[in-house]
Amino acid sequence: MAQKFPILDIIKPIDEIKNKYGSFILINTNFFYGNGNSGLESRFTDLGDGWDSYTVRDDEARLKFVNRWKHEHKIMANFVALIHRLSIVFPNKNFILRPHPGENPDTYRAVFKDVKNVFIVKKGSVSPWIMASDLLIHDGCTTAVEAYIAEVPIINYKSEIDPEIDLELPNQLGVSCRTDVEVIELIKNIN
């Protein structure tokens, strides 16, 4: 019986991704509170106790949920603005936005409709996408750990800070930027 080499399962998709999209910057989002697959009404339905559930039976838990939702909406709006700006400043560069598995990709398809160099892709394992990319931009996404291991440059776009919500480890890898101007200058320097 021939032995299977798992690395080949990764290399083939990397080549396919590069052939289709060329040189690109990968942007991974992680906003399932603010942009969940289940929709806004479902997100604000009282499902009982749970670490990430909305509830009207516990005021403290409800405010914690709403503050997380608000925080993610601010960050998501900043990411949308950043990506629009990047698509203009770097018209010959492609940008692949990969929503978190718990996010609704249709939100991004709507806000980037007809932007020629922004692609919304939510299929397959993230590993080949990271390895095919020139750079990863994220905020609090654990894919930064994978990018670090793959030696892909990382930008942490920290447009909003809330120490009680933000994930610490992913944002310690790579270079942190607070503004879109900082991100643009860093990309220029990397290129």
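Helices here are DSSP runs of H or I at least four residues long, numbered from the N terminus. In this predicted model, helix α2 takes in residues 40–43, and R43 is part of that helix.

R43 makes a handy starting point for a look around. With a relative accessibility of 16%, R43 counts as buried, because the cut-off for that label is under 20%. Leaving aside residues up to four places away in sequence, its contacts are F32, Y33, S38, D52, Y54 and F65. One of these deserves a closer look: R43 sits over the face of Y33, 4.7 Å from the centre of the ring.

That brings the aromatic residues into view. The structure has 12 aromatic pairs. Among them are F44 and F65, whose ring centres are 5.3 Å apart and whose planes meet at 90 degrees, so this pair is edge-to-face. F44 belongs to the loop between α2 and α3 (59–89), while F65 belongs to helix α3 itself, so the pair ties together parts of the chain that lie 21 residues apart in sequence. How buried or exposed are F44 and F65? F44 is partly exposed, at 27% relative accessible area, whereas F65 is buried, at 4%. Both rings also belong to one aromatic cluster, made up of F32, Y33, F44, Y54, F65 and W69. Y33, the ring that R43 lies over, is a member of that cluster too, and F32, Y54 and F65 turn up both there and in the list of residues that R43 touches.

Next come the strands, with β2 (residues 94–98) as the guide. Five of the five residues in β2 are buried, so the strand is largely enclosed by the rest of the structure. Which way do the residues of β2 point? N94, I96 and R98 point one way from the strand, F95 and L97 point the other way, and all are buried.

Strand β2 has pairing partners in β1 and β3. Strand β1 (residues 24–28) pairs with β2 in the parallel sense, over five bridges; F24, for instance, has N94 of β2 as its bridge partner. Strand β3 (residues 118–120) also pairs with β2 in the parallel sense, here over three bridges, and the bridge partner of I96 in β3 is F119. To get from β2 to β3, the chain passes through helix α4 (residues 105–111), and this β-α-β crossover is right-handed.

Key. Residues numbered from 1 in each chain as written. Predicted model: local features only at pLDDT ≥ 70, side-chain atom pairs only at ≥ 80, totals over all residues. Heavy atoms only, no water. Helix = DSSP H or I, 4+ residues; strand = E, 2+ residues; numbered from the N terminus. Buried < 20%, exposed > 50% of the residue type's maximum accessible area, 1.4 Å probe, protein only. Contact = heavy atoms within 4.5 Å. Phe/Tyr/Trp six-rings, centres within 6.5 Å; stacked < 30°, edge-to-face > 60°. Lys NZ or Arg CZ within 6 Å of the ring centre and 35° of its normal. Pairing = 2+ DSSP bridges. Right-handed = clockwise from strand over helix to strand, strands pointing away.
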